Amino acid sequence: AEFVTNMYSAPDYKEFDPNGFVFVFFMIFFGLIMADIGYGALLLIGGAVLMTRLKIDNGFKKLVYIITYGGAFTILFGALFGSLFGFAVYRGVLPDPTAGRTNVLVVLLGCMALGLLQITVGYILKAVNSFRQGAIADGIFDGLTWVLFDIGLFFAVFNFITDYFDIPVAADVKGFFDAMTMPGVVMLGAGLLVAVFTAGRKEKLIGKFTKGFGAVYGIINLLSDVLSYARLFGLMLSGMIIAQQFNAMGTNILAGGGIGYVFGPLVMLVGHAFNIAMGVLGAYIHDCRLQYIEFFSKFYTGEGELFTPLGSRFQYVRLTK
């Protein structure tokens, strides 16, 4: 029992509290998925009203807090896209992801760049936790090495990707990444080499070599994690298209006149209510997945006692004839 407790709890060591980073990334992703001024206003107002009425600070009230703050970020991203209940009310700062191949690729690649940023922050937290434990080598080789790799990867592939997909980039931005491409390749290669040669530092004999191959395989896991953030774009795009389709149906019914003046707004009301409900559900579930799997897996180990659901542990054994 003492062995298990000592393995899974460290009274002199406390992991870095990631709540601030989780909140910021969670809200950015939530707002990016919903991305509509009207939807955000409804979530913000509805959440604020519920918070004033809920007296017990339970799990449901915490969920209402998330929806309320998420509504504020939804308004922010809706303003950046210029979207109000699915209508493009003005040309936003960010490109419309429903219009044109280039806009689709810009938003999609932007979502994956956000994912690379969060993963890099996760590796930084890995280094911080290792340094707090006194494991300096682990912090450098298992944390900062991959931070170097991630930064180098971004600089190395930026111009290649924008040129390959024919995405227009400002001349000064393109010039900056032209200058940083080779340093990025060097950083990427240096990070990979260090990861390969240090992955098996705690192993014996053949384990030192096999762990090195595992580090190379880790690149595939890293890229798959980055690709997982494409779900942000998919959920946002589906929500925008659903809103536009219900708007088109409602306006077509309205144009018929007569009873259409009743059923047209009703179709849009029901459609947007459905879209908000599904959007919030999808945003919450997929946002949590990105935090707990893609982000936490880079640095979080946890403390406490090992959970053993089956079996028994005996302190004394009595033998009888």
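Setting aside neighbours within four places in sequence, V107 is in contact with F81, P95, P97, F233 and M236 in this predicted model. V107 itself lies in helix 5, which spans residues 101–133, and with a relative accessible area of 8% this valine counts as buried, because the cut-off for that class is under 20%. The points below take up V107, the pairing of helix 2 with helix 9, and N159.

**V107 and its surroundings**
- M236, one of the residues in contact with V107, is also among the helix 9 residues that meet helix 2.
- The C-alpha atoms of V107 and M34 are separated by 14 Å, although the two residues are 73 residues apart along the chain.

**Helix 2 against helix 9**
- Helix 2, made up of residues 19–34, and helix 9, made up of residues 230–255, have axes that come within 7 Å of each other and cross at roughly 35°.
- On the helix 2 side the contact is formed by F29, L32 and I33, which meet L232, L235 and M236 of helix 9.
- Sorted by class, this contact of helix 2 with helix 9 comprises 6 nonpolar residues, with no polar and no charged residues.

**N159 in helix 6**
- N159 is found in helix 6, which covers residues 136–164, and is classed as buried because its relative accessible area is 5%, where the cut-off is under 20%.
- Not counting residues up to four places away in sequence, N159 touches K174, F177, D178 and T181.
- With K174 there is a polar approach, in which a polar atom of the N159 side chain lies 3.3 Å from the backbone oxygen of K174.

Conventions:
Residues are numbered from 1 along each chain as its sequence is written. This is a predicted model: local features need pLDDT of at least 70, side-chain atom pairs count only at pLDDT 80 or more; totals for chains, interfaces and linings use all residues. Side-chain values use heavy atoms; hydrogens and water are left out. Axes are lines fitted to C-alpha atoms, for helices over the stretch in contact, and angles run from 0 to 180 degrees between N-to-C directions. Helices (H or I, at least four residues) and strands (E, at least two) are DSSP runs, numbered from the N terminus. Contact means heavy atoms within 4.5 Å. Ala, Val, Leu, Ile, Met, Phe, Trp, Tyr, Cys and Pro count as nonpolar, Asp, Glu, Lys and Arg as charged, and the others, Gly among them, as polar. Buried means under 20% relative accessible area, exposed over 50%, partly exposed in between (1.4 Å probe, protein chains only). A polar contact is a pair of N or O atoms within 3.5 Å; within protein, one must be able to donate a hydrogen and the other to accept it, and residues adjacent in sequence count only if both atoms are side-chain atoms.
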